[in-house]
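Subject: Handover of a structure and the findings from it

Dear colleague,

Please find below the structure that I am passing on to you. My notes on what was found in it follow.

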Amino acid sequence: MMTDTRTLLVVDDEPANLQVLRNILSDDYRLLFARDGERAVELATTERPDLILLDVMMPGMTGHQVCQQLKTNPATRNIPVIFVTALAEADDEAKGFEIGAVDYITKPVSAPIVRARVKTHLSLVRVDELVETRLAVVQKLGRAAEYKDNETGLHVIRMSHFSRLIALEAGMGELWADNLLNAAPMHDVGKIGIPDAILQKPGKLDPDEWAVMQRHAEIGAEIIGEDGSNLLHMAREVALNHHEKWDGSGYPKGLKGSDIPISARIVALADVFDALTSERPYKKAWAVEDATDLIRAQSGKHFDPNLVEVFFQCLPAILEVQNRWKETPD
C-alpha cells in the first residue's frame, strides 16, 4: 500500500532496469515510466512528477539532453532530477550536476540508497514548497493592507527594494536583505483592523482617532503572530516596530536606539522617504532634495544616524528603483 502520494517519473530504455526500480519504489510512491527521452519530456510536462529518476545512456535523446530540456522549461525546471546510470567517473557526475541534476546514483543500484536519496530530495521539495507558501501568504496579506489604505502597490514595491538596498549597504548579507525585501510589504498589514472612517479620513485625526490609528502596529503583529520562520518573524518585527523612533518618541512602545530591531529601523527610513517623494490625493510629492534634507535633519531623532549615512551612500541606487517603479497617471 502506498504511503506517499508523491509521483516519481522513472526513465530508462531497459525494461529490466525499470522493473528493478519498480520493485524498490512502488510500495511507497505513484510511479510513471518512460523508455525514451521524448516520452520522458512529455510525461514531465503533462504530469508534473515530484521527482525524476533518469538514465543517461539512452538511444536517441540522452538523459543529459532530457535534463537540459526540462531545465529550460519554466513548467518543469524545478522538478529535481536524479541520474541513475552506469557512468561512474567523476567527470560524468560533474557534468550531471552542471546541467541541473540534484543527485547521482550508480548502477547496479542499491535499494536502501535509492529509497534514501529519493526520500531526502522529496523532503527538500517540501521545504521549498513551504517557503514559497509562506512567502505567498506574506505577499497576499501585504496586498490586502493596500486595499484599505491610500498607498499604492508601487509604494510597497519601492519601499521594499529601498529596504533591501539599505540592508545590503549596511552589511546585513544577501539572505537577510532578501528576507527584508519580502517582509517589508507587511509593515502596514495592521491597517486591516482600523475602521475606514479613521483610515480614510481626509482631514487631521483628533486625539482619540490617532490613538486608534496607532493600534495598527500591534494589530499587524497580532495578525502575523509568532512563527518559527525567519521571514514571518521579521515581518512581525517590522509591522510592530516601524513607527518607533531612534529618540524614543515613537510608538507603540516608545523603544529607543538599538532596542528597535534593525529591520524596523531600515523599513522606517525607506517608508518615509518614499511617502515624502510620492504624490497622494491629499498631498503633492516632495522634491528629492527636500525629502533628503528632512531625513538628514531627523538623523538621531526619528532615524538611526548610522543608517541615515548608509541611506545616502546608496541613494543613487534608491533613485534608480524609484524611477523604475514610478507612478503613472491613471
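Which residue has its backbone oxygen 3.2 Å from a polar atom of the side chain of Lys201? The residue is Lys204. Before the surroundings of Lys201 are described, please note that this is a predicted model, and that every value here is computed from it.

Lys201 and its loop

Lys201 sits in the loop that runs between helix 8 (196-199) and helix 9 (207-214). With a relative accessible area of 30%, Lys201 is classed as partly exposed, because that class covers the range from 20% to 50%. Apart from neighbours within four places in sequence, the residues in contact with Lys201 are Asp196, Asp206 and Glu209.

Overall composition

The protein is built from 15 helices and five strands. It has 330 residues, of which 44% are buried. Taking the contacts between residues at least 6 apart in sequence, 61% join residues at least 24 apart.

The nonpolar cores

In soluble globular proteins, nonpolar side chains tend to be buried together. The largest nonpolar core here has 37 residues, and the members that touch the most others are Ile166, Phe273, Phe311 and Ile318. Two or more residues each are given to this core by helix 5 (111-148), helix 6 (153-169), helix 7 (174-183), helix 11 (230-241), helix 12 (262-276), helix 13 (288-297), helix 14 (305-313) and helix 15 (315-324). Helix 12 supplies the largest share, with seven residues.

Ile166 shows how this core is joined up. Leaving out neighbours within four places in sequence, Ile166 is in contact with Ile266, Leu269, Ala270, Leu307, Val310, Phe311, Cys314 and Ile318. A second core, separate from the first, has 22 residues, among them Ala34, Met61, Phe83 and Ile99.

Cavities

How many cavities of 30 Å³ or more does the structure hold? There are two. The second largest encloses about 40 Å³ of space. Its lining is formed by Glu244, Lys245, Trp246, Ile260, Arg265, Ala268, His302, Phe303 and Asp304. Sorted by class, that lining comprises four nonpolar, one polar and four charged residues.

Thr7, Asp50 and Arg126

Thr7 belongs to strand 1 (residues 7-11). Is Thr7 buried or exposed? Its relative accessibility is 7%, so Thr7 counts as buried, the limit for that class being under 20%. The side chain of Thr7 makes a polar contact of 3.0 Å with the side chain of Arg30. Beyond neighbours within four places in sequence, Thr7 is in contact with Arg30, Leu32, Pro49, Asp50 and Leu51.

Asp50 also appears in a second pairing. Between Asp50 and Arg126 there are 9.8 Å in space, C-alpha to C-alpha, and the two are 76 residues apart in sequence. Arg126 is part of helix 5 and, at 39% relative accessibility, is partly exposed.

Backbone geometry

Most residues other than glycine have a negative phi, and most peptide bonds are trans. Three places in the model may interest you in this respect.

- The peptide bond from Lys107 to Pro108 is cis, with omega near -5°. Pro108 is located in the loop between strand 5 (103-106) and helix 5.
- Tyr251 and Pro252 are likewise joined by a cis peptide bond, with omega about 15°. Pro252 is located in the loop between helix 11 and helix 12.
- Arg48, a residue other than glycine, has a positive phi near 50°. Arg48 lies in the loop between helix 2 (37-47) and strand 3 (51-54), and its relative accessible area of 46% makes Arg48 partly exposed.

Lys283

A further loop residue is Lys283, placed between helix 12 and helix 13. At 23% relative accessibility, Lys283 is counted as partly exposed. Outside the four nearest places in sequence, Lys283 is in contact with Ala275, Leu276 and Ser278.

With kind regards

Notes:
Residues are numbered from 1 along each chain as its sequence is written. This is a predicted model: local features need pLDDT of at least 70, side-chain atom pairs count only at pLDDT 80 or more; totals for chains, interfaces and linings use all residues. Side-chain values use heavy atoms; hydrogens and water are left out. On a 1 Å grid over the protein atoms alone, a cavity is a set of points where a 1.4 Å probe fits but cannot get out, and a pocket is an open set with protein on both sides within 12 Å along at least five of seven lines; lining residues have an atom within 4 Å of a point. Grid points are joined across faces, edges and corners, and a volume is the space filled by probe spheres set on the points. Ala, Val, Leu, Ile, Met, Phe, Trp, Tyr, Cys and Pro count as nonpolar, Asp, Glu, Lys and Arg as charged, and the others, Gly among them, as polar. A nonpolar core is a set of buried Ala, Val, Leu, Ile, Met, Phe, Trp, Tyr and Cys residues joined through side-chain atoms within 4.5 Å. Buried means under 20% relative accessible area, exposed over 50%, partly exposed in between (1.4 Å probe, protein chains only). Helices (H or I, at least four residues) and strands (E, at least two) are DSSP runs, numbered from the N terminus. Contact means heavy atoms within 4.5 Å. A polar contact is a pair of N or O atoms within 3.5 Å; within protein, one must be able to donate a hydrogen and the other to accept it, and residues adjacent in sequence count only if both atoms are side-chain atoms.
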